[in-house]
Amino acid sequence: MNGTPQDNKPGDTAGNPLRPMMWYWVLGLTLFALFQGFAGISANTPIAYSEFKQLLYAGKINEVQISDTSISGALKKDGLATVLPKEKVDTLKCSADGGCPFSTVRVNDPDLISDLEAEHVRYTGEARSEWMGTLLAWVFPVLLLVWLWSSMLKRGGGGMMAGGLFDIGKSKARVYVQSKTGVTFNDVAGIDEAKEELMEIVEFLKNPQRYRRLGGKIPKGVLIVGAPGTGKTLLAKALAGEAGVPFFSISGSEFVEMFVGVGAARVRDLFTQAEKSAPCIIFIDELDALGRARGVSGMAAGYNEQEQTLNQLLVEMDGFDTNKGVIILGATNRPEILDPALLRPGRFDRHIALDRPDLKGREKILEVHTRQVTLAPGIKLGDIAARTAGLAGADLANLVNEAALLAARRGKQAVDDKDFDEAADRVVAGLEKKTRVMNPMEKQTVAFHEAGHALTAEYRANADRVAKISIIPRGVAALGYTQQLPTEDRYLLKKTELLDRLDVFLGGRVAEEIVFGDMSTGAQNDLQMATDMARHMVTQYGMSERLGLATFEQASTSPLYPAGMGERLPYSERTAQGIDQEIEQLLSEAHERVRQTLVDRRPLLDALAQELLEHETVDRAALDRLAAQFDAGPPVRRVR
Ligand SMILES: Nc1ncnc2c1ncn2[C@@H]1O[C@H](COP(=O)(O)OP(=O)(O)OP(=O)(O)O)[C@@H](O)[C@H]1O
Ligand SMILES: [Zn+2]
């Protein structure tokens, strides 16, 4: 999904699956009509049954053949005009020996045989070649259609008719094999952690035997998660390039086909092919298109097809073992809608998250993309990186390209600052509507907001340690984030811990208040989380002194995640007021505590925000350094 030159487009082997199908229908129907007509054509002149009966009583009939549906025979030529109207007689094609062939429809007439016998007319029960007509008109076209249908189904079955007339079920992945992607980790910049994680897989693909011998377990599936343009496809290609193995690439949306069963067949085929070329990499882009959670929608055909395809993928992933040397990479920017079954152990159980690059990362990406570009002397890529916060790798590649085009248009020998400036303006302006490129004021607000969260967490005895702070927009909702890593898994939380978490939720908003004397809308989610947390403490965990050891709601979710409301149990209006007051009190006390913390540590808050504005991300080491330098407040004894 990126339109770079390395991307293969699907070949036209299969074409529109409807087209051949349609032609066969047309052919079948034409034959049908032809045979129908053929069976009906004869020299017999049709007459009405009533006319036939009158002719019979008048003794004008020589002989008849009776079939299930018709009666035909010959009339005596002479004296017909006394029975039939003149026009009718003229239509008869009588032969020289005096017989005039006719036919009529056979109606349900119980007297027919007795009448024929009474008139001494010779009759036979066998129609001439009637079975031949039936065969041609009905049986043959039906057989033809059955044959057509079964051959369609076989193709749907995948691979069974290899080399057959058409290749609908055949995996398009075949078109996608690239023995050499030509991309290496050298072409991927700014995502070093991800590269490191994949290094192990590169080693494995280069030398599967060694790992097999040692009995090491290599992941089967790796899911690369990240916003559009952050380099998911590039990273997958680079992995294949580094390991020097074939690269099967297919997009999830290509699996979801019109005909039920075709997508599943394609999955089967893809895996069969990949196994033959092992060691190799299967890359499924847009995994969400095919891996959407099952059973959420009531929609019929398309979804069933998607479910079938997904099921087939799960079966295939379970069915082969990694020792064969096939690694499956999936990419998505919407991991939350994936079917949980896809993420279970033995499937896509390794996850690699690609964030939008930070300042250093952007500079490195610019370096990669300017390798082939003649730069004017003295250009500082760092400066360009500094003004493109929020841009992803693809945007930066675009920017470099744009600058080079501008310079060329102006007949310059090298790309200079002015070109880059203009290109950056264009790209940023173009993206501002789509993604978030923050203006300086917003950036400052977010920096202090995140610094507030981080410092509150830092100075709470029971809060998880801060691992990383960032003001690079993530997804649609979050403008920045503070990452806290728990030191251990927790199943029980004490009141003191919940209170500390409450404080951390409020830290962002309180920092804005203190620094700007104003508030922004950015804290909405935090406040929601804080309110939910306080509500749960009061209504579910019995942590309010005034209301005592009672629960007022049935827990609905895990106690660790204060999301969603529980089912309300019956209680009085007075209790309802009490609950509201308690929640309010918890929140206002927390607010005051946080304010105190941040006011006490204002120099550190400012320094941290400043660091964020400069570098966009602050890691654990930098935070320690700043704290040692700027912290003037009372020390905290951390429990965890
Ligand atoms: N980290 C990076 N280093 C160097 N170039 C990058 C990086 N990230 C993206 N690019 C450039 O952007 C282009 C598009 O990236 P890519 O297709 O890998 O993004 P993607 O995450 O797969 O996007 P999508 O979700 O739209 O498919 C790459 O071909 C490359 O030129
Ligand atoms: Zn926040």
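Angles between two helix axes count as roughly parallel under 35 degrees, roughly antiparallel over 145, roughly perpendicular from 65 to 115, and oblique for the rest. The axes are lines fitted to C-alpha atoms, for helices over the stretch in contact, and the angles run from 0 to 180 degrees between N-to-C directions. The model on screen is predicted, so local features need pLDDT of at least 70 and side-chain atom pairs count only at pLDDT 80 or more, while totals for chains, interfaces and linings use all residues. Residues are numbered from 1 along each chain as its sequence is written, and chains are lettered from A and ligands numbered from 1 in the order in which they are written.

**Stop 1: the whole chain**

Show the chain as a cartoon. It has 22 helices and 15 strands; these are DSSP runs (H or I, at least four residues, for helices; E, at least two, for strands), numbered from the N terminus. Of its 640 residues, 35% count as buried. A residue is buried if 20 or more other C-beta atoms lie within 10 Å of its own, exposed if 12 or fewer, and partly exposed in between, with C-beta atoms placed from the backbone. Two residues are in contact if their C-beta atoms, placed the same way, lie within 7 Å. Among the contacts with a separation of 6 or more, 76% join residues 24 or more positions apart.

**Stop 2: the annotated residues**

Select His449, His453 and Asp526, which an unreviewed UniProt entry lists under "binding site". They are spread over 78 residues of sequence, yet they cluster in space, with a largest C-alpha distance of 10.7 Å. Add Glu450, listed by UniProt as "active site", again in an unreviewed entry. UniProt positions are given in the numbering used here, feature names are shortened, and annotations may be inferred rather than shown by experiment.

**Stop 3: helix α17**

Colour residues 440-458, which form helix α17 and include histidine 449. Histidine 449 is buried because 28 other C-beta atoms lie within 10 Å. Not counting residues up to four places away in sequence, histidine 449 touches Gly480, Gly508, Ala511, Glu512, Gly522 and Ala523.

Glutamate 450 is also in α17. It counts as buried because it has 26 C-beta neighbours inside 10 Å. With residues up to four places away left out, glutamate 450 touches partners including Tyr481, Thr482, Gly508 and Leu612.

Histidine 453 has its place in α17 too. It is buried, with 27 other C-beta atoms within 10 Å. Beyond its neighbours within four places in sequence, histidine 453 is in contact with Thr482, Val504, Gly507 and Gly508.

Select leucine 455, in helix α17. Its 31 C-beta neighbours inside 10 Å make it buried. The C-alpha atoms of leucine 455 and arginine 601 are 8.4 Å apart, although 146 residues separate them along the chain. Leaving aside neighbours within four places, contacts of leucine 455 include Gly507, Thr597, Leu598 and Arg601.

Then select glutamine 444, also in α17. Is glutamine 444 buried or partly exposed? It counts as partly exposed, because it has 18 C-beta neighbours inside 10 Å. Its C-alpha atom is 7.7 Å from that of alanine 609, 165 residues away along the chain.

**Stop 4: α17 against α18**

Show α17 and α18 together. Their axes come within 7 Å and cross at roughly 130°, which makes α17 oblique to α18. The crossing is right-handed; a crossing is right-handed if the near helix is turned clockwise from the far one by less than a right angle, and left-handed if anticlockwise. Residues of α17 in this contact include His449, Glu450, His453 and Leu455, and those of α18 include Val504, Gly507 and Gly508. The residues divide into nine nonpolar, seven polar and three charged. Here Ala, Val, Leu, Ile, Met, Phe, Trp, Tyr, Cys and Pro count as nonpolar, Asp, Glu, Lys and Arg as charged, and the others, Gly among them, as polar.

**Stop 5: α18 against α19**

Now hide α17 and select residues 495-516 (α18) and 524-539 (α19), whose axes come within 8 Å and cross at roughly 160°. The two helices are therefore roughly antiparallel. Their crossing is left-handed. In α18 the contact includes Leu502, Phe505 and Gly508, and in α19 it includes Asp526, Met529 and Met533. By class, this contact has 10 nonpolar, one polar and three charged residues.
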